Amino acid sequence: MKESYVDLINIRRKVFVEIAKMAYEDTDLRELEKAAYNIIPGEVAKYRENIFRERAVVEERLRLTMGLNVRSIAEFTRVTEGIDEVNVDETKFIPDLVNVITFACEACPTRALKVTDNCRKCLAHPCTNVCPVNAVSIGKDRAIIDQDKCIKCGRCKESCPYSAIVEYNRPCAAVCGVNAIESDYLGRAKINQEKCVSCGRCIIQCPFGAIADKSQIYQLVKALKTKKNMYAMIAPSFIGQFGALTSPEQIVEGIKRLGFKDVVEVSLGADITTLHEAKEFLQKVPSEIPFMGTSCCNSWALMVKTKFPEQYEYISDSASPMVETAKYIKKKDPDAIITFIGPCISKKLEALREDVKDYVHFVITFEELMGMFVAKNIELSEIEISKEVQDASTLGRGYSVAGGVAEAVKKTAQLLDPTREINVESASNLADCVKLMFQAKAGRKNGYLLEGMACPGGCIAGPGTLASTTRVKKAVEEFKNKAPYKTPLDNELIDDELKNK
Amino acid sequence: MKVKVCMGSNCTLLGAMSLLDQIESLREIIDENEKEYRDEELEIESIKCLGYCKDTDADIAPVVIVDDDVIFNATGQIVMEKIMDKMRI
């Protein structure tokens, strides 16, 4: 989340509330045609040049939240076009997950170095002297960069004593670690779906709110209304997300009041994943594989799969904490219908995988969950509850902060085999993950445990969060210390078989 | 000076925690230039929903109270300016 994009965040969340309300109140879906007027009332534009465009963009957000595709502006289609297909009580995924709302995109120019009016045409003009392709000259008013010649190395910018040269980039492309942002024929952002790993960074970075993902909240609420065996599991970064006065216990109880039978910490699955990965590492590195990558971040795993197919087998075979938690629930109740609630949108794709889809049936974000709380008038901080939430170990609860996964696996592996030295290295944004994999591919990370995360700082910075990373990091630390178990090996909820060497 | 930030569901949805972060960050600015500000503690409190939004159909979240001044549709911009104006000598 980017806290300073206040208006964009608020519109996005109001859309979640609107759709959740429609689901809870069984509103006739033809009303969707009017919904944009609830979110953008009146007749005066507040955010864009006119209110018609504001509402048009909100209508696409409403559609995406329903799980539908963005419409083409070139032909007549109703807001409700295709609505029957998603008016169901199970996940109905229509590709793609991450979408550009084309008419919200302002077609920002692509990356370039530009001279601003800070330029004083100084005598030294280092900008011209350091340019490797002779693209900078001194014009009448200021330095001029010949954009045809410029190779965007940025040396002129670094050399300028007046900070007069800036590097300009589209926010969506600048933040994309896999270069998946391209342009359509009008210069608007277009996502190359072959490259995209659905980390969602572009969604939160676009200052025009032109990129959005699809949601499953409508179908989830429908399921909650008709089905009894609904379970929720909540990712380790949930601590502190739902208001400064709300305790973890109140969050869990609040989720139950939405219609869930029970709620389990995904940190429990993290403990199980830790045990699997620790054993796998001890067993396979270095005899079978030169290094091992962690498996919990789906965008990281997808990136390795698409960009480093030969090294993909070095990513741990262990299932992610989401899947392990779901398997734990399924063991207790084979008919369980399970919803993952987390900071992540990439999990929406992971849940569709052939080997995962029977365990995880819905995936929503914390933001979307907050929308459901508001739609259902649940005041979390006023819930009275004494039962403690105690499913996981200190190490499992640390998974959501960068470095936490590797720490858990390393510590556990060393408890299992104290003779082993384990080197770890972490990267927590996709660009750095790519760099790390290049080094590993070149053989420079042999014997290492590599922790890859797509979001800067870890899951606590996921696109579906509500609270700042500093706030959540602190809260996670407190919650870690309250854990009843220190390591996964102490966790009484896990089968002893898995804890044996 | 006392600032209260509502942490009800509506307010949390619409950025109450970010407002709290922003207001808390003012302490740094004030501490760095002590002489320019009143020698008075900036008390910041998160409070439970006061029910203002339940009494009306209008969108009023987030709610922040600066001393006795109740601010509806609070933004960082408005709230921080108000606090800084009151704190400055």
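In what order do the four strands of the open sheet in chain B stand? In this predicted model, the order is β2-β1-β3-β4, and the pairing within the sheet is mixed. Strands β2 (43-47) and β4 (69-71) of chain B stand at the edges with a single partner strand each, so one side of each is left without a neighbour in the sheet. On average, and with direction ignored, neighbouring strands of this sheet are turned by 20° against each other.

Within that sheet, strand β1 (residues 2-6) of chain B pairs with strand β3 (residues 64-66) of chain B in the antiparallel sense, over three bridges; B:Lys4 has B:Ile65 of β3(B) as its bridge partner. Two helices of chain B also belong to this picture. Helix α2 (residues 16-32) of chain B lies across β1, β2 and β3 of chain B and runs at about 160° to β1(B), while helix α3 (residues 76-87) of chain B packs on the sheet, where α3 touches β1, β3 and β4 of chain B and makes about 15° in direction with β3(B).

In chain A, the domain assignment gives domain 1 (6-107 + 173-218), domain 2 (112-168) and domain 3 (227-499). The centres of domain 1 and domain 3 of chain A, taken over C-alpha atoms, are separated by 28 Å, and the contact takes 25 residues from domain 1 and 30 residues from domain 3. On the domain 1 side, α1 and α8 (201-205) of chain A each supply at least two residues, with α1(A) giving the most, namely six residues.

Helix α1 (residues 6-24) of chain A also meets helix α9 (residues 217-226) of chain A: their axes come within 9 Å and cross at roughly 30°. Because of that angle, α1(A) counts as roughly parallel to α9(A), and the crossing is right-handed. The contact is made by A:Phe16, A:Ile19, A:Ala20, A:Ala23 and A:Tyr24 of α1(A), together with A:Ile217, A:Tyr218, A:Val221 and A:Lys222 of α9(A).

The contact between the chains takes 22 residues from chain A and 17 residues from chain B. On the side of chain A that touches chain B, α1 and α15 (366-375) of chain A each supply at least two residues.

The residue classes of three contacts in chain A are set out below.

| Contact residues | Nonpolar | Polar | Charged |
|---|---|---|---|
| Contact of α1(A) with α9(A) | eight residues | no residues | one residue |
| Side of chain A that touches chain B | twelve residues | five residues | five residues |
| Side of domain 1 of chain A that touches domain 3 of chain A | twelve residues | six residues | seven residues |

How values were computed:
Residues numbered from 1 in each chain as written. Chains lettered and ligands numbered in written order. Predicted model: local features only at pLDDT ≥ 70, side-chain atom pairs only at ≥ 80, totals over all residues. Axes fitted to C-alpha atoms, helices over the stretch in contact; angles between N-to-C directions. Parallel < 35°, antiparallel > 145°, perpendicular 65-115°, else oblique. Left-handed = near helix turned anticlockwise from the far one by under 90°. Contact = placed C-beta atoms within 7 Å. Nonpolar A, V, L, I, M, F, W, Y, C, P; charged D, E, K, R; others polar. Pairing = 2+ DSSP bridges. Domains from an automatic or database assignment.
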